[in-house]
Amino acid sequence: MPWWRKPGQPMKYRFAGPACLALIAIIGGAGFGAAAEFKPALVYDLGGKFDKSFNEGAFRGAEKFRLETGIAAREFEIQNDAQREQALRRFARDGQTPVIAVGFSHSSALEKVARDFPGAQFAIVDTVVSAPNVQSIVFREHEGSYLVGMLAAMASKTAKIGFVGGMDIPLIRKFACGYRQGARAADPRIEIIENMTGTTGAAWSDPVKGGELARSQIDRGADVIYQAAGGTGIGVLRAAADAGKLGIGTDSNQNGLFPGRVLTSMLKRVDAAVYKGFSDARAGNWQAGTAALGLKEEGIGWALDDDNRALITPAMKAAADQAARDIISGKTAVHDYMSDGKCPPAGAPGG
Amino acid sequence: MVPALEFIGVTKRFGGVAACNGVSFQAAQGSIHGIIGENGAGKSTLMSILCGARRADAGHIRLDGRAVNFASPRGAIARGIGMVHQHFMLIEAMSVLDNIMLGAEGGPLLAKGRAAARARLAALERDHGPAVDPDAIIADLPVGLRQRVEILKALIRGARILVLDEPTAVLTPNETAELFKLMRRLRDGGACILFITHKLGEALDVCGRVTVMRRGGIVGEFDTAQTSAARLAEAMIGRPVEAAANDRIRAPGAVILRARDVRVSDPSGAARVKGVSLDLREGEILGIAGVSGNGQSELLEALAGMRPIAAGTLAINGAAIDARARNPRAMRALGVMHVPEDRLKHGLVADFPASGSAMLGFHREARYGGALLDRAAIEADCAAKMARWDIRPPAPNLATRGFSGGNQQKLILAREIERDPLILLVGQPTRGVDIGAVEAAHARLLALRAAGKAILLISNELDEILALSDRILVMCGGRITGERSPGGTSARELGLLMAGAADTAA
Amino acid sequence: MSGPPAVWQAAGPVLAPLAVALAAISIIVAAAGENPAAALRTLAAGSLGSREGLAMTLFYTTDFIFAGLAVSVAFRAGLFNIGVEGQAMAAGIGIALAALYAGALPGALALPALALAGAAGGALWALVPAWLQARRGSHIVITTIMFNFIAGALLGFLLNGPLGAPGSMQPESPAFPAAAAMPRLDDALRAMGMTPTDTPLNLCLPLALAAAFAAHVLFERTRLGYEMAVLGASPPAAAYAGISPARIMMLAMILSGILGSGLALNELTGAQNRLILEFTGGYGFVGIAIALTGRNRPAGIVLAALLFGALYQGGAELAFERPKITRDMIVLVQGLIVLMAGCFGARARSGEA
């Protein structure tokens with residue numbers, strides 16, 4: 001007789017047997033059934049899917065896909081680093097494909113899992129993982145940051161603008177660098193105050209500290225502040241709005257958070273990328289390799305809607321549109337911080 | 001006449017043990033009624049029932065002939081029961097007035113309540129003699145006055161029955177006399193006072209009648225005019241008391257411990273011992289008398305190595321003890337053992353099994369094991385001590401806090417005395433222990449002296465100092481204010497010295 | 001020192017929060033519109049009922065044993081070490097430095113060297129607050145909390161700079177050399193021709209159990225353990241007994257830091273094979289709840305760690321299997337368990353009197 005059938009043993013072992021059966025029943029009978037030949041999945045990063053920013057963009061892309069096709073992606077929000085690999089592996093083993101990992105932190109886990117499941121299709125957002133079955137989706141955030149930097153410089157009355165980053169990592173320095181270049185292009189004498197919230201993941205979810213940093217920048221004269229700080233950025237935008245100054249949102253369109261007090265938002269269309277990833281895969285057009293989405297691919301942009309139309313003068317819009325055309329045509333080259341880990345000090349674009 | 005207070009068959013059980021078993025007695029208005037008994041006799045339980053903190057399992061209490069059953073201390077206070085605990089329930093940072101009105105502020109705004117309390121305080125002063133300055137801060141008052149504040153607090157709340165729990169334990173003889181004066185005035189004013197004590201002389205002095213309790217029951221009730229301390233003691237412990245015979249014969253031996261101009265400061269830098277010099281000789285008990293808080297404790301701890309000595313010199317058998325050796329571990333190695341004043345704070349670890357407490361300070365010795373502690377050896381050592389010292393229950397694994405005060409104290413005495421001390425420093429050896437344990441402790445200390453050891457004894461109990469010491473030093477304000485021989489002095493004279501009166505003797 | 005075996009004495013306080021946790025999960029699951037019974041089955045099956053689930057549970061258990069022991073060894077000496085998290089981070093830095101710069105060591109020596117480097121890092125990080133407490137009277141709760149922040153900042157600085165992988169924009173170190181990988185359960189399974197579990201469960205688990213046994217010996221059988229217990233139970237009694245508080249505090253915190261380094265060893269050499277930010281995952285804080293639940297006894301801590309490991313893994317499984325149960329609910333339940341553990345732990349402590 002197997003050891004776990006012995007009478008009088010502790011409770012938790014006794015229901016392990018039925019529980020195993022239940023597990024099988026759950027997996028077998030779960031609602032991903034007949035119609036769902038196509039089984040996409042999403043693994044969010046630590047920020048969680050309702051971070052009003054990056055992860056939420058991915059969620060919206062999946063929602064759009066669901067509304068159009070009726071196919072719901074399976075989702076998992078990780079709680080710790082050990083779960084990255086566990087989640088990817090789990091979805092791959094369950095036969096989910098494609099599996100989109102949202103966030104650069106998944107890269108090392110994805111490298112391993114992609115190797116173990118060569119038949120599955122994976123994608124990762126915000127970084128490059130080189131594997132024959134991985135599509136890497138990155139954004140040229142410096143281009144969009146350049147445009148909102150121009151707008152910030154033109155909107156500023158004090159000739160001082162601010163930047164609040166989340167965690168101090170190259171990606172965020174890339175935002176700051178593009179912003180700096182754009183602002184200098186619009187006004188060579190502009191002063192830019194830059195702060196990073198922290199050096200750990202907590203820097204993405206500390207709106208209180210974000211607000212403090214923004215208030216300190218406002219005290220020093222800044223009247224437009226660009227946030228690239230995830231959940232922390234909400235505090236930045238609120239502090240700017242409370243002080244009667246302007247904020248600039250990131251990733252999602254955050255103009256509506258404080259209508260009339262958000263100059264614009266640098267759009268990083270994670271939603272479009274996720275939607276496109278699912279749609280392409282469903283249509284059989286999925287491709288490995290790196291897709292760098294910028295202004296040209298409409299993966300990057302800036303938001304203009306009823307909430308901020310009064311803040312953007314025709315001259316500002318014209319200047320931004322012209323700059324966008326120049327970037328797309330290659331006439332203006334915006335330096336990518338991550339290409340060499342440096343940000344050119346001069347104001348001249350591409351200089 | 002209907003008694004002001006009557007207990008009728010009051011019984012209270014904790015588990016299977018009856019803490020009070022059918023207790024019945026009466027106390028009249030305008031009397032001071034003593035309740036005496038050893039620790040654990042049931043006095044505290046009885047009083048907690050009277051005060052509404054506990055409810056009796058059977059029996060009841062009558063006030064002025066009417067049965068009462070208090071659900072809470074609040075109910076007891078409303079019916080005129082006033083309790084003065086041994087440990088004061090005063091807020092040190094607040095004034096006398098604010099302490100008195102605490103819990104009876106009379107509304108959210110304090111001004112009205114303050115005025116009313118001030119007026120009542122003045123009335124009490126008129127009736128009962130000198131009160132205390134209503135605006136003094138408690139922390140600034142001496143212990144005797146703090147106790148008076150507690151009594152006034154009870155009176156202002158309309159107490160007609162006043163319970164005083166061991167009120168003299170913390171007082172100097174002179175303060176005790178003041179307290180007794182106040183008690184008599186209150187008695188004459190019609191109050192009924194229950195006086196709980198273990199000092200038989202005081203009970204005989206101030207009480208009209210005395211109820212003796214033992215093991216939860218009443219074993220006798222005596223009219224103080226027609227009894228003696230010996231009879232009360234016999235009733236209390238159930239057998240005749242043998243006071244340890246103290247035959248002070250020998251000529252004093254050689255000086256073992258020599259202290260010169262020792263100064264000790266507390267951690268905040270305040271001087272507590274201000275230049276004490278003494279010689280402790282082999283084969284003598286040197287008693288140090290003093291009101292607590294006058295530097296004796298600090299002196300004892302400094303000699304034991306627990307406190308740094310700011311200035312002065314120490315020598316044992318003529319060899320100077322340098323600062324490096326002034327720590328408890330090194331002092332033990334030199335043969336200086338220490339029975340600390342506060343057994344549960346310093347001498348034992350309440351949460352540990354008795355065996356863990358029984359090796360405290362000596363745990364490094366090889367007898368308790370090599371690289372790893374030998375649990376069997378530790379328990380056997382403790383069991384042997386328990387057998388030799390009649391420590392009950394003889395259970396080395398029982399938590400230290402589970403033993404009575406007397407047995408805890410015996411555990412410490414066993415631990416320190418069995419290490420064959422050259423010098424034994426003893427603080428309050430019998431505080432809060434029963435008479436049996438007092439006898440045992442005194443006998444052991446005298447035996448140790450007879451064996452030629454040097455003993456330094458600090459006690460707040462003058463009787464103890466007088467009974468045991470070969471010489472007596474009195475400390476006040478951090479200084480030695482006098483030296484007496486036990487045969488040539490009295491408690492009264494020592495009391496004056498303790499209170500700081502100039503030493504007029506040669 | 002007496003009574004029934006420590007395991008059974010410890011089981012009670014573990015089972016009580018477990019019952020409360022299961023009840024809380026049921027209520028939350030029902031509120032989310034799922035079937036509580038099915039969810040509990042998922043929880044049990046996901047954490048204990050499959051090879052993968054059990055292995056993941058034991059992987060978390062390893063972290064929790066180390067964290068719980070680290071908290072308890074300090075707590076024995078009366079020190080509330082909130083800084084296991086930071087000490088594990090410092091240990092991780094030590095491990096990474098050894099792995100990346102001393103990689104030339106022969107295979108058999110590499111892992112012990114890594115473990116020693118981690119232990120040194122953890123001990124050093126614990127020693128500074130201990131020294132501040134012992135010599136300056138700075139409260140160890142405050143200093144250890146602050147040292148968590150400093151460790152986090154130091155880790156961030158190192159990973160964004162000197163220790164960062166060149167060319168990676170992620171704040172992480174380059175991958176450790178192969179010799180720095182702790183042998184995994186999967187390696188053994190593969191060698192025996194069995195299906196691997198695809199989990200990072202590794203040799204750190206027996207190491208954690210050995211640490212628990214060593215802690216038991218320390219607490220119950222050594223003079224150092226006795227002196228720690230005296231200081232923890234009654235500082236005045238320790239002063240009376242001639243036990244140097246400074247010495248005991250520093251030793252206890254060094255041991256605490258060394259035990260905390262086990263968490264880093266498990267995560268870095270067992271799972272991540274590189275130094276990353278936040279590899280500690282808050283387990284250092286969970287260690288406080290585990291020490292409380294386990295009543296500061298090594299046997300109890302092992303049981304409590306298993307409970308928390310199962311709830312972590314089972315919680316993840318719930319989120320996988322039951323889309324309506326979000327991560328936030330799992331976090332809520334975990335928080336409740338920590339709270340319950342605190343309550344029951346405190347009750348157990350006061351009940352000992």
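In this predicted model, the contact between chains A and C draws on 33 residues of chain A and 37 residues of chain C. On the chain A side, several elements chip in: helix 2 (16-29), strand 2 (74-77), helix 4 (82-93), helix 5 (107-116) and helix 7 (170-186) each bring at least two residues to the face that touches chain C. Helix 2 of chain A has the largest share of that face, with six residues. Sorted by class, the side of chain A that touches chain C comes out at 14 nonpolar, 12 polar and seven charged residues.

Within chain C, there is a helix pair to look at. Helix 5 (residues 107-136) and helix 11 (residues 245-272) of chain C have axes that come within 6 Å and cross at roughly 145°. The crossing of these two chain C helices is right-handed. As for what sits in the contact of helix 5 with helix 11 of chain C, the tally is 21 nonpolar and nine polar residues, plus one charged.

Chain B offers a bit of strand pairing. Strand 16 (residues 336-339) of chain B runs parallel to strand 17 (residues 423-427) of chain B, and four bridges join the two. One of the pairings across them puts Val339(B) opposite its bridge partner Val426(B) in strand 17 of chain B. In a regular strand, side chains alternate between the two faces of the sheet. Along strand 16 of chain B, Val336(B) and His338(B) point one way, while Met337(B) and Val339(B) point the other way. Whichever way they point, all four of these strand 16 residues of chain B are buried.

Terms used
Residues numbered from 1 in each chain as written. Chains lettered and ligands numbered in written order. Predicted model: local features only at pLDDT ≥ 70, side-chain atom pairs only at ≥ 80, totals over all residues. Contact = placed C-beta atoms within 7 Å. Nonpolar A, V, L, I, M, F, W, Y, C, P; charged D, E, K, R; others polar. Axes fitted to C-alpha atoms, helices over the stretch in contact; angles between N-to-C directions. Left-handed = near helix turned anticlockwise from the far one by under 90°. Buried ≥ 20, exposed ≤ 12 C-beta atoms within 10 Å, placed from the backbone. Pairing = 2+ DSSP bridges.
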